[in-house]
Amino acid sequence: MDIQYLLFLQAFRNSINDALTPFMEGVSAFAVDYLILFAVFYYWNVDKRKGLYTLVSYYFCMLITPLVKLTACVYRPWIRDSRIIPAGDSIRTATGYSFPSGHTTTAAPLAGGMTVNLWDNIRTRPLSFVFAFFILLTMFSRNYLGVHTPQDVCVGFLVSLFSLFIAAKLFAYLDAHPERENWFLLGGFVFCSLGIVYITSKSYPMDYTAEGKLLVDPQKMMNDGYGDIGKAIGFIIARFVEKQWIQFQPLKKGWKSVLICLVALIPMILLKEYFRPVLTHAFGSHWGKLLFSIVYTFYYIALVPLGLKCLQKKLG
């Protein structure tokens, strides 16, 4: 049934000469490369707690997704059925195993968190619908491009809902018991470390083609796992530093603060474009991605907030 659905979408794609493919590729790329910028901006300039809620939901997904992916080890649709031909350049950007969809577990917690954050204010409520629609659009784009089955995206969505729910419960608990946050951070760090050990040491399928070529290289499948778990580790370290020694508050100073925060977002894009390849070249794809994720997350969770706090003191 799932393959038949992908074949139906593939036939439609072909009937319109891939007219929608660039748009769907753009949706997928935006979900993993730029959607996080909205949550980070919200954290810096609008509401620190609500911004953190969105980001923590995202880190939960970044921790859960690779553990599920690298346990289930489900092959991509075109490996399972040679009739599936992914659209455009999507086969190159579809890394790791198939189940659940990593694009969904990136888009849904980030856009879902923003949907929740913007719902209470009547002026921003229309944006909630935009973010909610983007989740559905991202899920559909992965099916449309032929890189994920409906099961992949639906389970990814459920994982995201679970992460949003757990984050909400955790924040409510820490509101009543703020002194216990460090214990949660420590527990998270230990769990992340065990996650790295698990995905490194577990066994993986070693299936070969008729020509004797390895069908799927487990080492390549593990790359995203290291990077995703690294984001959770980076958050834990950065959150501890920010909470203990920085304790910034969002700027909220009109258009001037908006401009400052927008400028501070630019290095996030440049880091991914230029610094990540340096680290992966120096330390290898596994540890390079993990180290980059830690640095990248530390930048927006702790380093920029330190700069914002210094700027607030200067401006009085």
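**Exercise 1. Backbone exceptions in the loop between H1 and H2**

At 68% relative accessibility, is asparagine 17 buried or exposed? Place this residue and aspartate 18 in the predicted model, and describe the phi angle of each.

*Solution.*
Step 1. Asparagine 17 counts as exposed, because its relative accessibility is 68% and the threshold for exposed is over 50%.
Step 2. Its place is in the loop between helix H1 (2–15) and helix H2 (21–33).
Step 3. Although asparagine 17 is not a glycine, its phi is positive, at about 55 degrees.
Step 4. Aspartate 18 also lies in the loop between H1 and H2. This residue, likewise not a glycine, has a positive phi of about 60 degrees.
Step 5. At 33% relative accessibility, aspartate 18 counts as partly exposed.

**Exercise 2. Aromatic pairs**

Determine how many aromatic pairs the count comes to, and classify the pair of tyrosine 58 and tyrosine 59 and that of tyrosine 75 and tyrosine 97.

*Solution.*
Step 1. The count comes to 18 aromatic pairs. Tyrosine 58 and tyrosine 59 form a pair with 5.4 Å from centre to centre and 55 degrees between the planes. This pair is tilted, because its angle is neither under 30 nor over 60 degrees.
Step 2. Both partners are buried: tyrosine 58 has 5% relative accessibility and tyrosine 59 has 4%.
Step 3. Tyrosine 75 and tyrosine 97 form a stacked pair, with centres 6.4 Å apart and planes at 20 degrees.
Step 4. This pair links distant parts of the chain, its members being 22 residues apart. Tyrosine 75 belongs to the loop between helix H4 (48–72) and helix H5 (77–80), and tyrosine 97 to the loop between helix H6 (90–93) and helix H7 (102–119).
Step 5. Tyrosine 75, at 13% relative accessibility, counts as buried. Tyrosine 97 is buried as well, with a value of 2%.
Step 6. One aromatic cluster is formed by Phe30, Tyr34, Phe38, Phe131 and Phe134.

**Exercise 3. Charges over rings**

Which ring does the charged end of lysine 202 sit over, and which ring face does arginine 125 lie over?

*Solution.*
Step 1. Lysine 202 places its charged end over the ring of tyrosine 204, 4.0 Å from the ring centre.
Step 2. Arginine 125 lies over the face of tryptophan 119, at 4.5 Å from the centre of that ring.

**Exercise 4. The largest cavity**

Which residues line the largest cavity, and which element gives the most to its lining?

*Solution.*
Step 1. The structure holds one cavity of 30 Å³ or more. The largest cavity contains about 50 Å³ of space.
Step 2. Its lining consists of Pro66, Lys69, Leu70, Thr95, Gly96, Tyr97, Met221, Asp224 and Gly225. Tyr97 is thus both a lining residue and a member of the stacked pair in Exercise 2.
Step 3. H4 and helix H12 (223–246) are the elements that give two or more residues. H4 gives the most, with three residues.
Step 4. By class, the lining has four nonpolar, three polar and two charged residues.

**Exercise 5. Two pockets**

Describe the volume of the largest pocket and of the second largest pocket, together with the lining of each.

*Solution.*
Step 1. The largest pocket has a volume of about 1,100 Å³. Its lining comprises 43 residues, with Val32, Asp33, Thr93, Lys272 and Arg276 nearest the centre.
Step 2. H2 supplies the largest share of that lining, six residues. By class there are 16 nonpolar, 13 polar and 14 charged residues.
Step 3. The second largest pocket holds about 690 Å³ of space. Among its 27 lining residues, Val56, Leu170, Leu174, Glu181 and Phe235 are closest to the centre.
Step 4. H4 gives the most to this second lining, with nine residues. Its classes are 18 nonpolar, two polar and seven charged residues.

**Exercise 6. The surroundings of arginine 239**

Is arginine 239 buried or exposed, and which residues is it in contact with beyond its neighbours within four places in sequence?

*Solution.*
Step 1. Arginine 239 is placed in helix H12. This residue counts as buried, because its relative accessibility is 12% and the limit for buried is under 20%.
Step 2. With neighbours within four places in sequence left aside, arginine 239 is in contact with Lys48, Leu52, Glu181, Leu185 and Ile301. Glu181 also appears among the residues closest to the centre of the second largest pocket.
Step 3. Arginine 239 and alanine 302 are 63 residues apart in sequence, with 6.8 Å between their C-alpha atoms.

Key. Residues are numbered from 1 along each chain as its sequence is written. This is a predicted model: local features need pLDDT of at least 70, side-chain atom pairs count only at pLDDT 80 or more; totals for chains, interfaces and linings use all residues. Side-chain values use heavy atoms; hydrogens and water are left out. Rings of Phe, Tyr and Trp (its six-membered ring) pair if their centres lie within 6.5 Å; planes under 30 degrees apart count as stacked, over 60 as edge-to-face and the rest as tilted. Buried means under 20% relative accessible area, exposed over 50%, partly exposed in between (1.4 Å probe, protein chains only). Helices (H or I, at least four residues) and strands (E, at least two) are DSSP runs, numbered from the N terminus. A charge sits over a ring if NZ of Lys or CZ of Arg is within 6 Å of the ring centre and within 35 degrees of the ring normal. On a 1 Å grid over the protein atoms alone, a cavity is a set of points where a 1.4 Å probe fits but cannot get out, and a pocket is an open set with protein on both sides within 12 Å along at least five of seven lines; lining residues have an atom within 4 Å of a point. Grid points are joined across faces, edges and corners, and a volume is the space filled by probe spheres set on the points. Ala, Val, Leu, Ile, Met, Phe, Trp, Tyr, Cys and Pro count as nonpolar, Asp, Glu, Lys and Arg as charged, and the others, Gly among them, as polar. Contact means heavy atoms within 4.5 Å.
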